[in-house]
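Here are some exercises on how chains meet, each with a worked solution. Keep the model open beside you and try every task before reading on.

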Protein chains: 4
Amino acid sequence: MEQRARVLIDCPDTKGLVYKVSKVFFELNLNIDSNQEFVEPEHRHFFMRSVVRGDFEPNQLEHSLKKELDSSVNIKVVPPAKKNIIILATKESHALGDILIRHQAGELDANIIAVIANRENLKELVEQFNIPFYHISADNLSREEHEDLMLEKLSEFKFDYMILAKYMRILTPKFVSKYKGKIINIHHSFLPAFIGANPYKQAYERGVKIIGATAHYVTDDLDEGPIIAQDVISVNHRFNWRDMQKAGRDVEKIVLSRALKLVLEDRVFVHGNKTVVF
Amino acid sequence: MEQRARVLIDCPDTKGLVYKVSKVFFELNLNIDSNQEFVEPEHRHFFMRSVVRGDFEPNQLEHSLKKELDSSVNIKVVPPAKKNIIILATKESHALGDILIRHQAGELDANIIAVIANRENLKELVEQFNIPFYHISADNLSREEHEDLMLEKLSEFKFDYMILAKYMRILTPKFVSKYKGKIINIHHSFLPAFIGANPYKQAYERGVKIIGATAHYVTDDLDEGPIIAQDVISVNHRFNWRDMQKAGRDVEKIVLSRALKLVLEDRVFVHGNKTVVF
Amino acid sequence: MEQRARVLIDCPDTKGLVYKVSKVFFELNLNIDSNQEFVEPEHRHFFMRSVVRGDFEPNQLEHSLKKELDSSVNIKVVPPAKKNIIILATKESHALGDILIRHQAGELDANIIAVIANRENLKELVEQFNIPFYHISADNLSREEHEDLMLEKLSEFKFDYMILAKYMRILTPKFVSKYKGKIINIHHSFLPAFIGANPYKQAYERGVKIIGATAHYVTDDLDEGPIIAQDVISVNHRFNWRDMQKAGRDVEKIVLSRALKLVLEDRVFVHGNKTVVF
Amino acid sequence: MEQRARVLIDCPDTKGLVYKVSKVFFELNLNIDSNQEFVEPEHRHFFMRSVVRGDFEPNQLEHSLKKELDSSVNIKVVPPAKKNIIILATKESHALGDILIRHQAGELDANIIAVIANRENLKELVEQFNIPFYHISADNLSREEHEDLMLEKLSEFKFDYMILAKYMRILTPKFVSKYKGKIINIHHSFLPAFIGANPYKQAYERGVKIIGATAHYVTDDLDEGPIIAQDVISVNHRFNWRDMQKAGRDVEKIVLSRALKLVLEDRVFVHGNKTVVF
């Protein structure tokens, strides 16, 4: 029976990689629907994403590729199934709402398992969409105490990605390391400009003519993780920082949703502090 | 001795194309510096552009590829040499000037063999850059008479591409067919909006909030050829059509120069009325 | 008691207009929070939008302005109150959903009185937000019969603007004339390119490298009304028309919401077939 | 005889400013061709730029305005004459070339009096355009020694603005203070991201998906002066830092030329570390 899979490969570059991979596809009689490669020139690292179609077993394909290629090669054969995601939020509804609308319209290859927030005001919005909402207040708690409650709640679920849709809490290294490579954040500035608190206020103070938003993987270094997507809009002297904040919301939500789509389609490779996005 | 070449392949899609091409590269011990493929889904047409590096003869590589692949496959092995271009202009200097500056700075992989214009005012600018300028006036001539003079002059040169840098004359099918696939034009609108004369006036009359420019191959159908690149800028009610025209010049020159660079690097495949741009 | 109002003035340009208006403001001891003027140079038509603050009665201010200015001058003094809007939709949720989320977050100066659709699938989404949803099917009805039902339903409500959030029905002149100047549409192309049905398919066929969306007032001429806002995104040969459609939704919803905000803040003057947007 | 002038006013905001200014225009029987005001809300500072037309003497208009307004008000009446500019460069030709082409086409309201560079390679390009070129080498000189030579050369000229068209030397506070408010720089990044040396390398290291350029007034704080204009372009993982640098040149030159045009048309007010751009 014909099926489809995404083949994700990365390894140090050597001669013949494309040849060997395409040989396996050829011998298994697969169609290549799309194929993208990139060799990162600094470290000579090879990346490849193919979408193949044919009558095959994903395990068998992975096995054949592993046999053909070196043991240093990362190989993943991913059927295009829905991924499970958890969304963390605080009180703003624009980024969360954008994901909920897309999800309900069937536009996202994802199941939203839960929304967890440190404030309660988004409860109604989330439950409207028949998605479980959990309120874990941070009131009167230390950062660590609150995070422990969050981690406890999160441990109840199995998920592929955690999306910070304007979750306004700083995560500790302990938290981040537990979900390494799985947390995606939207930062409300054109990183690396305006790292840290209230970037719109910083942007206003600096008198910039363009503001932006950045979707990135979360690492231990605050606002320093690999960037997945960025976009900007023009502002002018008529914008005070609250106007910038309002205008910025449109970019934030579009950039986060765009990054989410890329990640759900397995189009993003992380390499050091950068991404390769096919 | 190590050298580099661009391998350009297109043909109806069949299984094993990537495999066969990469097999040839592998057997000739070539490094693949970059590699892009695309299968046009409507007509199942396959496109591939590879940059390979190694100790090889371009002719031998082309020969090996032809032996491996079907006779229906278009194969070109192009060494990254400078291409010869001719520029046609009328009286505006922005698009022409942008190319001249880039050329003088060594940014373009091209030799500008000549500039031919139907007005004389650009002569000084062009000759400043030590490039031959030919003035072929259209005064008191029919379109055909003027074109015959142009064709006569053009026949003196051997060139790869003819760039219409705001050449404000309509070309006849006779002219176009003579240089099929070699003529690149910048149209001063976001095609297909505002086909024909004075697009900025049309844009002003329509009250649009964004204007643009389009670089495209010239075909018999005026302003209907395959699009290579487009870009836009915002305007508002404060712009009259002359303001739009002035503002539009920045987009025109950037888009034309961007398209020229793509073409000079053999990144553009034409397929029917569309382009595949790697 | 201090209050605020928007003063909207337009008339044929004559000397002293700004002087006379600002004199009234000065004599009533008003603060000018913002002030924008524009003289359309072709027809010498004057436009002004001021936001004033002070201890005044809107009626009294309007009266004073009318006394000072010529009878040919259009003067409106608008307190910054919420406007009532009705949304028409068909089956796509992105533009509608974007407005609903903003509305629930308190971002829109509007009450959404009702959503009316010719399909039923958006019912759940709308009612989640506690907004009345009316389904008026067009099945087995002529355009006129369906419109009569729509007009009947619309006549039950008092509203300032009717927003076509991807309402995929063509309106008759009868319908449009009944709500002249009150209907705002989002067209899924960068007008005037791709007027008419399925612009994304047209865009794909033409091989464009940029697609866009246009928010405009609806007039008798389909897709020809005054443009309020436009925006674009880049596409490439990898996009088939369905991909363009998906990518285009982000632009559509942002452009429609941006136009809606401008209209709700009384920032848009219509003049002939164009807009002045302050 | 009818003439035209730009009236530039700024002062702490008080009631009646627009009234008083427009009263003077009215009494002198002037037409207002365009008029823009802005009150900076934080410090309640008022800005106004009017273009007036009529039969008047600029001095008399300035006098009348001064009589009507408070002594704390900055008033300038500027006839729309060409301004004198000096360009400083190093070795890159794109930003300089863009200005030279525009200048020769009569697009800039400026006389380019001289180009001064610390390298010699741009001499030919500049002299092609019949503009004096001065080479002031920095070889074997301390920063101060080189600047003294620059200052000496600059002291020979009378000019309104000094344009740093990729002048790759850091200016000392002594230099800057001598030409306070007159120096405009293009910084090759989207400030405040990537302050300092080699922003493209920094951008590449950080893995950003968008790069930009910033035109700003030069102050004592390196890369911290008031921003006039900014713009960006998209990049991806295929760009190494040299590719970013090449792509960035297009943005640099367009942004610098746009800022130059704004400044030459007296559209830019500096207020603290920000600009108001009409």
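**Exercise 1.** How many residues does the contact take from chain D and from chain B? Then describe the area that goes with this contact.

*Solution.* Please bear in mind throughout that this is a predicted model. Start with the count: chain D contributes 20 residues to the contact, and chain B contributes 20 residues as well. Next comes the area. Together, chain D and chain B bury about 1,700 Å², with 45% of it on carbon and sulfur atoms.

**Exercise 2.** Look for charged and polar pairing between chain D and chain B, then work out which elements of chain D take part.

*Solution.* Begin with the salt bridges, of which there are six across this interface. One of them links Glu107(D) to Arg249(B), with the closest N and O atoms 3.9 Å apart. That pair qualifies because the cut-off for a salt bridge is 4 Å. Polar contacts come next: seven residue pairs are counted between chain D and chain B, both residues of each pair being at pLDDT 80 or more. Now turn to the elements. On the side of chain D that touches chain B, two or more residues come from each of α3 (94–104), α4 (123–128) and α8 (241–264) of chain D. The largest share, six residues, belongs to α3(D). Finally, sort that side of chain D by class: five residues are nonpolar, seven are polar and eight are charged.

**Exercise 3.** Which rotation superposes chain A on chain D? Use the result to say how the two copies are related.

*Solution.* The superposition takes a rotation of 180° with 0.0 Å of shift along its axis, and the RMSD is 0.0 Å. The two copies are therefore related as by a two-fold rotation axis. To place the axis in your viewer, find Ala193(A): among the residues of chain A, its C-alpha comes closest to the axis, at 2.2 Å. The interface agrees with this picture. Of the interface residues of chain A, 100% are also interface residues in chain D, so the copies meet through the same surface.

**Exercise 4.** Find the two Phe190 rings of chain A and chain D, and classify their pairing.

*Solution.* Over all chains, the whole structure holds 34 aromatic pairs. For Phe190(A) and Phe190(D), the ring centres are 4.6 Å apart and the planes stand at 80°, so this pair is edge-to-face. Each ring sits in the loop between β9 (183–187) and α7 (199–206) of its own chain, so the pair joins two chains.

**Exercise 5.** Build a full description of the interface between chain A and chain D, from contacts to classes.

*Solution.* First, the contacts: 33 residues of chain A touch 33 residues of chain D. Second, the area: about 2,900 Å² is buried between them, and carbon and sulfur atoms give 56% of that. In chain A, Arg206(A), Lys209(A) and His237(A) lose the most area to chain D, together 24% of what that side buries. Third, the pairs: there are two salt bridges between chain A and chain D, and Arg206(A) meets Glu224(D) in a salt bridge at 3.5 Å, N to O. Polar contacts add up to 22 residue pairs, both residues at pLDDT 80 or more. Fourth, the elements: β2 (31–40), α7, β11 (227–234) and β13 (274–277) of chain A each supply at least two residues of the side that touches chain D, with β11(A) giving the largest share, six residues. Last, the classes: this side of chain A has 16 nonpolar, six polar and eleven charged residues.

Note on methods
Residues numbered from 1 in each chain as written. Chains lettered and ligands numbered in written order. Predicted model: local features only at pLDDT ≥ 70, side-chain atom pairs only at ≥ 80, totals over all residues. Heavy atoms only, no water. Contact = heavy atoms within 4.5 Å. Buried area = accessible area lost by both parts, 1.4 Å probe. Salt bridge = Lys/Arg side-chain N within 4 Å of Asp/Glu carboxyl O. Polar contact = N/O pair within 3.5 Å; in protein donor to acceptor, adjacent residues only side chain to side chain. Helix = DSSP H or I, 4+ residues; strand = E, 2+ residues; numbered from the N terminus. Nonpolar A, V, L, I, M, F, W, Y, C, P; charged D, E, K, R; others polar. Least-squares fit on C-alpha atoms with pLDDT ≥ 70 in both. Phe/Tyr/Trp six-rings, centres within 6.5 Å; stacked < 30°, edge-to-face > 60°.
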